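Good morning, colleagues. I would like to take a few minutes to go through salt bridges and one surface patch. Please look at the sequence and the model on the screen.

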Amino acid sequence: MKFIYILTLLLSSICSLAQSTIGIIIEPSFNVPQFKKSSQSDSIKGISNTDLTLSFGLEIKKKLDRYNAISFIPGFLQTNLLTVKENLQFLDIIHPSLPEIKDLTQSANKIARVRYRFQYIGTQILYNRQLQLRKTPPKLKIEIGGGMSLHYLINHSVKIKTEGFALNNKFVHVIDNETGIDPNPILIQALLNASLLYEVTPNYTLNAGFKIGLPITKTNNEPFAFRIYNTGLRIGITKLI
């Protein structure tokens, strides 16, 4: 409750400032895991893959002067660790919470896609600077910037999708308890971004660009510790307030 009260006061103070904008930001991102060197992480690294997630937030942006601005973006963030197990055999175990494979057919390649999902709420704080470029249309602007983010874990689960066989007569399983990973409840990232801003009307602006999230904290607490890097797009619309 105290956090919500402080957040409400901060949002109110920012919104009361002149030359501020508010808008919606959507961030489709690729998740790339990086593992700490260990015998356990080497086995997981061999079957890990990149995965795509979708995050979103409410951007409140305050212009400091003609070329500089600061953004405060509370929102939702999801990162995934995807592992793909192929050529599975009779009695192989995909996850400790599921039974062993009982399918005896040999014709199909048995595949299991195991997604460890980490869902957070928190905020990004970004400093942006508008580039001064010649021959740029008056309604088009380019910004680059960077900052930090702080997020708190609200949900962790595993989604398992099987191909070529079923477990308990189902091809999709979601495990909320005993996922096999001890998640770190806090995620801190360093952020880099670049955006194109197009003024549709004097009050509305479309923006599109990319963002890179560089994790400072580990995603989990086991000896096979890993971090998940986020690289993707940032798309949104803002309104002058």
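Let me begin with a definition: a salt bridge here is a side-chain nitrogen of Lys or Arg within 4 Å of a carboxyl oxygen of Asp or Glu. This is a predicted model, in which local features need pLDDT of at least 70 and side-chain atom pairs count only at pLDDT 80 or more, while totals for chains, interfaces and linings use all residues. Residues are numbered from 1 along each chain as its sequence is written, and side-chain values use heavy atoms, with hydrogens and water left out.

With that in place, Glu27, Lys211 and Arg234 are linked in a network of salt bridges. Across the whole structure, a search finds six salt bridges.

Within the network, the closest N and O atoms of Arg234 and Glu27 are 2.5 Å apart. Arg234 belongs to strand S10, residues 226–240, and Glu27 to strand S1, so to speak of distant parts of the chain is apt: the two are 207 residues apart. Strands are DSSP runs of E, at least two residues long, numbered from the N terminus. Arg234 and Glu27 are both buried, a term that means under 20% relative accessible area, with exposed meaning over 50% and partly exposed in between, for a 1.4 Å probe and protein chains only.

Which residue forms a salt bridge with Asp51? The partner is Arg115, with the closest N and O atoms 2.8 Å apart. Because Asp51 lies in strand S3 and Arg115 in strand S5, residues 111–130, this pair ties together parts that are 64 residues apart in sequence. Asp51 counts as buried, at 7% relative accessibility, whereas Arg115 is partly exposed at 24%.

Strand S3 also supplies Lys61, which is 82 residues from its partner Glu143 in strand S6, residues 140–163. Their side chains meet in a salt bridge at 2.7 Å, N to O. Glu143 is buried, with a relative accessible area of 9%, and Lys61 is buried as well, at 11%.

I turn now to the surface. Ile24, Ile26, Leu54, Phe56 and Leu58 form a nonpolar patch with about 450 Å² of accessible area together. The elements giving two or more residues to this patch are strand S1 (20–35) and strand S3 (51–63). Strand S3 provides the largest share, three residues; Leu54 is found in that strand. Patches are made of residues with over 30% relative accessible area and no salt bridge, joining like charges within 9 Å and nonpolar side chains (Val, Leu, Ile, Met, Phe, Trp, Tyr) within 5 Å. Accessible areas come from the Shrake-Rupley method with a 1.4 Å probe, and for residues only the protein chains shown count as cover.

Thank you.

Methods:
Helix = DSSP H or I, 4+ residues; strand = E, 2+ residues; numbered from the N terminus.
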